[in-house]
Amino acid sequence: MKYCAHCGSEVELRVPAGDNRPRHVCPACGSIHYQNPRMVVGTLPVWEDKVMLCRRAIEPRHGYWTLPAGFMENGESAAEGAMRETREEACARVELLAPYTMVSVPFIDQIHLLFRARLLDLDFAPGTESLEVKLFDEADIPWDELAFRSVSLTLRTFFEERRQGSFGVHHFTLPAAAG
Ligand code: ZN
């Protein structure tokens, strides 16, 4: 950040009184511009034995497969955001079953929260951010063409727990690494 979003003056990076880390502070109007992690919400939509994946039409990871998910908007709940992203990316309607995986991605300042969800019908189609939307059996999951580690972690956990017959709620922290 270079300029104050309130008054347009140049901001300084310094530790405000009573704080313990550097912030963008505006010397003209006194505004402190906090920057905090962003929340990515989405679903793992299931139809019978299959799960729904979307092939990305946008960067990053254009052409790779993902679960429908995206940045939460102000004014909506995590559940509303997850259903909205599922509608936008896959034109699909789901019923949320339970929060499933929370994946901290501290090196890019994000938290990904994915819900297990039941697809309500087969009336889905690629939204503007998707090239393709498809249902996959476990055996057909394109493991080498998944867009994000939070997606592969969530899918692996899901198939393993489905074999065992019960689903938990999980938190993972991704280490900074390639992929
Ligand atoms: Zn200012």
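Which residues have the most contacts inside the largest nonpolar core? In this predicted model, they are Leu44, Val51, Leu53, Ile141 and Leu155. The legends below begin with the division of the chain and return to this core.

**View 1. The chain is divided into two domains.** Domain 1 covers residues 1-35 and domain 2 covers residues 38-173. The C-alpha centres of domain 1 and domain 2 lie 36 Å apart.

**View 2. Strands β1, β2 and β3 form an open sheet.** The 3 strands are ordered β1-β2-β3, and their pairing is antiparallel. β1 (12-14) and β3 (32-33) are at the edges with a single partner strand each, so one side of each has no neighbour in the sheet. Strand β2 (residues 23-25) is joined to β3 by 2 bridges. Across this antiparallel pair, valine 25 stands opposite isoleucine 32 of β3.

**View 3. Strands β8 and β9 form a hairpin.** β8 spans residues 94-105 and β9 spans residues 110-119; the two strands pair in the antiparallel sense over 10 bridges. Proline 99 is placed opposite phenylalanine 115 in β9. The hairpin has 4 residues between its strands, and aspartate 109 takes a positive phi near 55 degrees there.

**View 4. Strand β8 also pairs with strand β11.** β11 consists of residues 170-173 and runs parallel to β8, with 4 bridges joining the two strands. Serine 104 stands opposite threonine 173 in β11. β8 is thus seen with two partners: antiparallel to β9 and parallel to β11.

**View 5. Helix α2 covers residues 149-164.** At 1.5 Å a residue, the 16 residues of α2 should span 22 Å, which agrees with the 23 Å between its end C-alpha atoms. The buried residues of the helix are Ser150, Val151, Ser152, Thr154, Leu155, Thr157, Phe158, Phe159 and Glu161. These buried residues pack against the strands β4 (38-47), β5 (50-56), β6 (65-66), β8, β9 and β11. Just after α2, glycine 165 takes a positive phi of about 95 degrees.

**View 6. The largest nonpolar core has 17 residues.** Those with the most contacts inside this core are Leu44, Val51, Leu53, Ile141 and Leu155. β4, β5 and α2 are the elements that give two or more residues to the core. Of these, α2 gives the most, with 4 residues. Leaving aside neighbours within four places in sequence, leucine 155 is in contact with Leu44, Val51, Leu53, Leu67, Ile141, Trp143 and Leu146. Another core, of 8 residues, lies apart from the one just described; Met52, Ala90, Val94 and Ala117 are among its residues.

**View 7. Serine 130 is a buried residue in strand β10.** The strand covers residues 130-136. Why does serine 130 count as buried? Its relative accessibility is 9%, and buried means under 20%, so serine 130 falls within that class. A polar atom of the serine 130 side chain lies 2.7 Å from the backbone oxygen of glutamate 89. Not counting residues up to four places away in sequence, serine 130 touches Cys54, Arg55, Ala57 and Glu89. Glutamate 89 therefore appears both in the list of residues that serine 130 touches, given as Glu89, and in the 2.7 Å pair through its backbone oxygen.

Notes. Residues numbered from 1 in each chain as written. Predicted model: local features only at pLDDT ≥ 70, side-chain atom pairs only at ≥ 80, totals over all residues. Heavy atoms only, no water. Pairing = 2+ DSSP bridges. Domains from an automatic or database assignment. Expected span 1.5 Å × (residues − 1). Buried < 20%, exposed > 50% of the residue type's maximum accessible area, 1.4 Å probe, protein only. Contact = heavy atoms within 4.5 Å. Polar contact = N/O pair within 3.5 Å; in protein donor to acceptor, adjacent residues only side chain to side chain. Core = buried A, V, L, I, M, F, W, Y, C linked by side-chain atoms within 4.5 Å.
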